[in-house]
Every structure is written in structure tokens, then in C-alpha cells.
Amino acid sequence: MASLICGSIAYDTIMNFEGRFQDQILPDQIHILNVAFLVPSMRREFGGCAGNIAYNLKLLGGEPVIMATVGGDAAPYLDRLRDLKIDASHIRTLENAFTAQAMITTDLSNNQITAFHPGAMNESHLNQVSDVTAARTQKKSAPVSLAIVAPDGRAGMWEHCHQLADAQIPFIFDPGQGLPMFDGPELLELTELASYLAVNDYEGEMLSKRTGLSLAQLGERVKALIVTKGAEGAQIYAGGKSIAIPPVKATQLIDPTGCGDAFRGGLLFGLENGMDWETTGRLASLMGSIKIAHQGPQNHQLSLDQIKDQFKTAFGFGF
């Protein structure tokens, strides 16, 4: 089984501020905000939601197929994906654009301020789900049986949700940072096209406000609604039940960048393998915990056996 990963490919420039944003921002002066943060350390990482999700799914032994759009500066990233044996054949390159760039500053409380240049990502609607399915049929590769639509260009997210629904491929709608680009009726339409909906707790509140529906009501419109809660674990609404997923204590709290994507890699693997929600949610939670103990979104390098060992240690049973 192959999973189609629709979303962004990006370079992340990650900076660490050795203080707390709340100590530098005066609440009564936000209307004239003018702040600067000294960032002694800076590094450039491979990132973007599609790249991160695919990386984590591959660690677990899944078969991710990325559909994304990059710029003329993407050669190092494409080489990396090929080295990892992740299918990059459906990543479109636009030579006259930049690959999406995220400039992320993290403080001592793991709060983040991000500036994002979408670049080639804005042309993601040029990619067609039907091209992927046809190519895999022609090559006699494993068919796409599952997908995720993660943050991407607005038109791309809209088109890919509709194309997956038309192709009858079950998918996770993961609006993430792209959620503010859609109004309430649009979010409801995309939710109802999806099989699964994944948000963090903040996005869940925004989604409820825009649609006028509670999380429980939204959960009734999909097979499952997954709400991540950071250090508090996650909540899954499925089959008329609300399932609490416990957190996994991280060995170190190094960098939260990409933790949500690691979680979604675990979700896809659980769905691919027919796991129940209690197991799928716990595996996803573990992947987020593993990620936060490493700098950058794609620098945790565990074998599947090591992940299985950590899972059994954390939960007392295997997957």
C-alpha cells in the first residue's frame, strides 16, 4: 500500500532565542510592535509538511509518495529524498521560483514565531492526483490507497481534496497553518470530503469558531477527528467515542519543529496497517515524542525495531 502525501516541501531556517517572547512583548504596546530577538544559533533544515510526514512514515516502513511543487533551488532536497528511497517522482520543479522557505524562531518555552515564503508552493494546484494514480498503474507499483492533504498552496489544498474524493481514495484533511485561508463553509466542505480530520488544539478551536460546530459535531462528519494537545497527548473522536491518547515523555525537549508532522506519519502508518485507534494514536504520540528530542524535523534516525522497542516500553504492548 502507498500513501500519497500532498503538502509543502520547504527549507526551514531555525533560530533559537535564549529568552521568552512573553518577556519581550508588552501587551499594551502591541499596536506599535517593534521587537528584535538575538538568535545566537541558526541552522538550515529540510522541512515542509509533506517532506516531514513522508520522512516519518518511511521510518516506520511505510511507502510515502510525495506530490508537491518546489523551486529551482531544490536539488539538494530532491537528492536527499532519493537517498532515503522516498518517491519524489511527482514533485514538480519550477526553475524560476524559490522552494518554500520557513524562518522559525523558538524561545525557551518552545513557543515559535514563523515567517513563511510560499514560493513554488503557490503553484501546487498544477499537480493532479490522477497523474499519480495513472503513473503507478503504468509502472505496476503499489496503488495509492490512502492520502493526506497537509498545508500547501490554497488552490492546491482545495483541488487535491476534491480530486481524492472523486478518486474514492480515503484521506486525512490536515489544514494546519493553511486553515485561516478558508472560511467556515469551505472548511465544512473539505471536512465532509475527507475520511479523517487532524488538527492541533488551537486549530480545533479555530475550526469550531469558523464552522459553528463543536469538535464532537465535526467528528460526526468524518470517520475520525484527531486533536493533538502537545504535552497532554491527543483526543480522537471516532465511532461515537472520545478516545484519550496519553503523551509519551520525551527523553529531551530539544525542538518542537515538525512534531505534528511526525504524529501524522504515525497516523498514516496505523491506518495503512488496520490498527485500532488506541494503538494508532499511541504510535503517533510516540513519533512526536521521538521527534522533539532531536533538532530539526528530519534528524531522528531510528530503525523500526528501535521504534517498536520504545513503543513497548511506553505502553506495555507491541504493534
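Helices and strands here are DSSP runs, numbered from the N terminus. The model is a predicted one.

**Exercise 1. Place lysine 140 and glutamine 168, and describe their backbone and exposure.**

Step 1. Locate lysine 140. It lies in the loop between α4 (129–139) and β8.

Step 2. Check its backbone. Phi of lysine 140 is near 60°, a positive value in a residue other than glycine.

Step 3. Check its surface. Lysine 140 has 78% relative accessibility. The cut-off for exposed is over 50%, so lysine 140 counts as exposed.

Step 4. Repeat for glutamine 168. This residue is found in the loop between α5 (154–166) and β9. Its phi is positive, about 60°, although glutamine 168 is not a glycine. At 71% relative accessibility, glutamine 168 counts as exposed.

**Exercise 2. Work out the strand order of the nine-stranded sheet and say why β5 and β13 each have a free side.**

Step 1. Read the order. It is β5-β4-β1-β8-β9-β10-β11-β12-β13, in an open sheet with mixed pairing.

Step 2. Look at the ends. β5 (87–94) and β13 (241–245) stand at the edges. Each has a single partner strand, so one side of each is left without a neighbour in the sheet.

Step 3. Add the twist. From one strand to the next, it averages 20°.

Step 4. Add a helix. α7 (residues 201–211) packs on the sheet and touches β10 (196–200) and β11 (224–228). The direction of α7 makes about 115° with that of β10.

**Exercise 3. Trace the pairing from β8 through β9 to β10.**

Step 1. Start at β8 (residues 144–149). Three bridges join it to β9 (residues 171–173), and the two strands run parallel.

Step 2. Find a partner pair. Isoleucine 148 has isoleucine 172 of β9 as its bridge partner.

Step 3. Cross to β10. β9 and β10 also pair in the parallel sense, over two bridges. Phenylalanine 173 stands opposite leucine 197 in β10.

Step 4. Ask how covered β10 is. Four of its five residues are buried, so the strand is mostly covered.

**Exercise 4. Describe the nonpolar cores, then compare the settings of isoleucine 66 and isoleucine 307.**

Step 1. Take the largest core. It has 52 residues. Ile66, Trp277 and Ile307 have the most contacts inside it.

Step 2. Find the main contributor. Helix α2 (residues 49–59) gives the most to this core, with seven residues.

Step 3. Note the other core. A second, separate one has 32 residues, including Met67, Leu187, Ala194 and Leu213.

Step 4. List the contacts of isoleucine 66. Among them are Ile5, Ile9, Ala54, Leu81, Ile86 and Ile91. Asp87 and His90 are also touched.

Step 5. Turn to isoleucine 307. This residue is in helix α11. Isoleucine 307 is buried, with a relative accessible area of 0%. Its contacts include Leu59, Leu60, Leu283, Met287 and Phe319.

Step 6. Relate the two. Isoleucine 307 and isoleucine 66 are 241 residues apart in sequence. In space they are 23 Å apart, C-alpha to C-alpha.

Step 7. Recall the general trend. In soluble globular proteins, nonpolar side chains tend to be buried together.

**Exercise 5. Explain why cysteine 6 and cysteine 161 form no bond with each other.**

Step 1. Search the whole structure. The count of disulfides is zero.

Step 2. Check the distance. The closest cysteine sulfur to that of cysteine 6 belongs to cysteine 161, 8.3 Å away. The cut-off for a disulfide is 2.5 Å, so this pair is too far for a bond.

Step 3. Reverse the view. Cysteine 161 is in no disulfide, and its nearest cysteine sulfur is that of cysteine 6.

Step 4. Check burial. Cysteine 6 counts as buried at 1% relative accessibility. Cysteine 161 is buried too, at 0%.

**Exercise 6. Locate glutamine 298 and identify the polar contacts of its side chain.**

Step 1. Place the residue. Glutamine 298 lies in the loop between α10 (277–292) and α11 (304–315).

Step 2. Check burial. The cut-off is under 20%. Glutamine 298 has 2% relative accessibility, so it counts as buried.

Step 3. Find its polar partners. The side chain of glutamine 298 reaches the backbone oxygen of phenylalanine 46 at 3.4 Å. A polar contact of 2.9 Å joins it to the side chain of asparagine 52.

Step 4. Fill in the surroundings. Glutamine 298 is also in contact with Gly47, Gly51, Tyr55, Tyr77 and Arg80, among others.

How values were computed:
Residues are numbered from 1 along each chain as its sequence is written. This is a predicted model: local features need pLDDT of at least 70, side-chain atom pairs count only at pLDDT 80 or more; totals for chains, interfaces and linings use all residues. Side-chain values use heavy atoms; hydrogens and water are left out. Two strands pair if DSSP finds at least two bridges between them. Axes are lines fitted to C-alpha atoms, for helices over the stretch in contact, and angles run from 0 to 180 degrees between N-to-C directions. Contact means heavy atoms within 4.5 Å. A nonpolar core is a set of buried Ala, Val, Leu, Ile, Met, Phe, Trp, Tyr and Cys residues joined through side-chain atoms within 4.5 Å. Buried means under 20% relative accessible area, exposed over 50%, partly exposed in between (1.4 Å probe, protein chains only). A polar contact is a pair of N or O atoms within 3.5 Å; within protein, one must be able to donate a hydrogen and the other to accept it, and residues adjacent in sequence count only if both atoms are side-chain atoms. Lists of a residue's contacts leave out its neighbours within four places in sequence.
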